[in-house]
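Student: I'd like to go through this fold with you and ask how each label is earned. Can we start with the helices?

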Amino acid sequence: REKGLRLTLDVTEGKGVLAAVAAEICKHNGMILSLATFSGLDASDRIITVKVTEAPKEQLLADLQATGVKVLNAVDMTNGGYTPTIIEGKGRHPGE
């Protein structure tokens, strides 16, 4: 797993919202390693999960929130993060 800051963000859907989040990360000299978007609780919301390196956590979070982004979770994975545990017999396919 790559080291970095993993953020889960709740945003209102709209043109340029993802670009604004990326610009805020860039403003803090951050680099986006990975990004995914998901539907939110209602049709106007989107959940963004993004892993960032090189950006100062507290300032980035404060500035994202100042732009109207709701930070749901921020996990500092600079020490390697976590390793998922695979439970035998709980696979996605029959017989696993």
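Student: What makes you describe H1 and H2 as crossing at roughly 150°?

Tutor: This is a predicted model, and in it the axes of H1 and H2 come within 10 Å. Angles run from 0 to 180 degrees between N-to-C directions, so roughly 150° goes down as the crossing angle as it stands. The crossing is right-handed.

Student: How do you know which residues of H1 meet H2?

Tutor: Contact means heavy atoms within 4.5 Å, so that cut-off picks the residues. On the H1 side they are Val21, Glu24, Ile25 and Lys27, and these meet Leu60, Asp63 and Leu64 in H2.

Student: What else does Leu60 touch, leaving aside its neighbours within four places in sequence?

Tutor: Its contacts include Glu24, Ile25 and His28, and also Leu5, Leu7, Val52 and Ala55.

Student: Why are Leu60 and Leu64 counted in the largest nonpolar core?

Tutor: A nonpolar core takes buried residues of types such as Leu and Val, joined through side-chain atoms within 4.5 Å, so members have to pass on type, burial and joining. Leu60 and Leu64 belong to the set of 15, and they are listed with Leu7, Leu9, Val21 and Val50 as having the most contacts inside it. S1, helix H1 (17-27), S3 and H2 each give two or more residues to this core, and S1 gives the most, with four.

Student: Now the sheet. Why are S2 and S4 called edge strands?

Tutor: The open sheet has the order S2-S3-S1-S4, with antiparallel pairing. Strand S2 (31-39) and strand S4 (70-76) each pair on one side only, which is why they are the edges. From one strand to the next, the twist averages 15°.

Student: How do you know that S1 and S3 really pair?

Tutor: Two strands pair if DSSP finds at least two bridges between them; S1 (residues 5-12) and S3 (residues 45-53) have eight, so they qualify. One example is Val11, whose bridge partner in S3 is Arg46. Helix H2 (residues 57-66) packs on the sheet, touching S1, S3 and S4, and its direction makes about 5° with that of S1.

Student: Last one: how do the elements run along the chain?

Tutor: From the N terminus on, they go β-α-β-β-α-β, with two helices and four strands. Among contacts between residues at least 6 apart in sequence, 70% join residues at least 24 apart.

Conventions: Residues numbered from 1 in each chain as written. Predicted model: local features only at pLDDT ≥ 70, side-chain atom pairs only at ≥ 80, totals over all residues. Heavy atoms only, no water. Buried < 20%, exposed > 50% of the residue type's maximum accessible area, 1.4 Å probe, protein only. Left-handed = near helix turned anticlockwise from the far one by under 90°.
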